[in-house]
Amino acid sequence: MKFHDILKERNSLWIFGYGSLVWKPDFTYKRCKIGYIKGYKRRFWHGDDFYRGDKENPGRVVTLVEDQEACTWGVAYEVTHSKIEDSLQYLNMREVVLGGYITETVQFIPKEKAQCPLLALVYIATPDNPIYLGPASDTEIAAQIAKCSGNTGHNIEYLVRLAEFMRLNCPEVEDEHLFSIEAAVLNTFPECGGIKAPDQKTLLLGTA
């Protein structure tokens, strides 16, 4: 991978998360920043047959779809020195081998206006992936999410935690796709499948 070749000369790497990485990075990082990338919209168009679903009933998880008018909010994590290789090995298994994502580089813009844009690594699933599910109505996506569960938990949990992250950390952002699907699930399953909303202290991230 060309990006990994570049890393050989670097002692710092930024990784942008817009799905489960926003609340569950599970790798060692030095600091994180809330912010966004331009030119992409977040969509529940990718299938997941390991973490939030199985082979018979793949769950719905997010990927990025190119859209020059859109932006996607999330978290950029800085990984430094010896932790870079460890983090990339972990993410390769989590996102590429088991998740079916590929890597790209994007310009990340921190929420704090005084901070400069950063080059970040991001994981994206494309239509070339065999478990890519593609577009569907909010109702259809919600129905699929409501019935799926995988090795790390119910698909509803994934949806609820992502929506909660956006409300706590980006309250000024209206993510219509995300919130519409959440509303469709909650209207049908008001108890969220027994899943409790995450603790605010767990999700509320700093911008240092």
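Okay, so let's start with the barrel: five strands close up in the order β1-β3-β2-β4-β5, and the pairing is mixed. On average, neighbouring strands in this sheet are turned by 45 degrees against each other, if you ignore direction. And keep in mind, everyone, that what we're looking at is a predicted model.

Packed on that sheet is helix α2, residues 83-97, which touches β1, β3 and β5. Its direction makes about 30 degrees with that of β5.

Now pick out one pair of strands. β2, residues 31-48, and β4, residues 102-110, run antiparallel and are joined by 3 bridges. If you want a spot to click on, find Y36, whose bridge partner in β4 is I109.

Next, a loop. Between β1 and β2 you'll find S20. So is S20 buried or exposed? It counts as buried, because its relative accessibility is 19% and the cut-off for buried is under 20%. What does S20 touch, leaving aside neighbours within four places in sequence? That would be R94 and Y158.

Last stop, two helices. α3 covers residues 138-147 and α5 covers 176-188; they pack at an angle of about 60 degrees, and their axes are 8 Å apart. That angle is why α3 is described as oblique to α5. The crossing of α3 past α5 is right-handed.

Who meets whom there? From α3 we have D138, I141, A142 and I145, and across from them in α5 sit H177, S180, I181, A184 and V185. Sorted by class, that contact has 6 nonpolar residues, 2 polar and 1 charged.

Okay, that's my tour, thanks!

Notes
Residues numbered from 1 in each chain as written. Predicted model: local features only at pLDDT ≥ 70, side-chain atom pairs only at ≥ 80, totals over all residues. Heavy atoms only, no water. Pairing = 2+ DSSP bridges. Helix = DSSP H or I, 4+ residues; strand = E, 2+ residues; numbered from the N terminus. Axes fitted to C-alpha atoms, helices over the stretch in contact; angles between N-to-C directions. Contact = heavy atoms within 4.5 Å. Buried < 20%, exposed > 50% of the residue type's maximum accessible area, 1.4 Å probe, protein only. Parallel < 35°, antiparallel > 145°, perpendicular 65-115°, else oblique. Left-handed = near helix turned anticlockwise from the far one by under 90°. Nonpolar A, V, L, I, M, F, W, Y, C, P; charged D, E, K, R; others polar.
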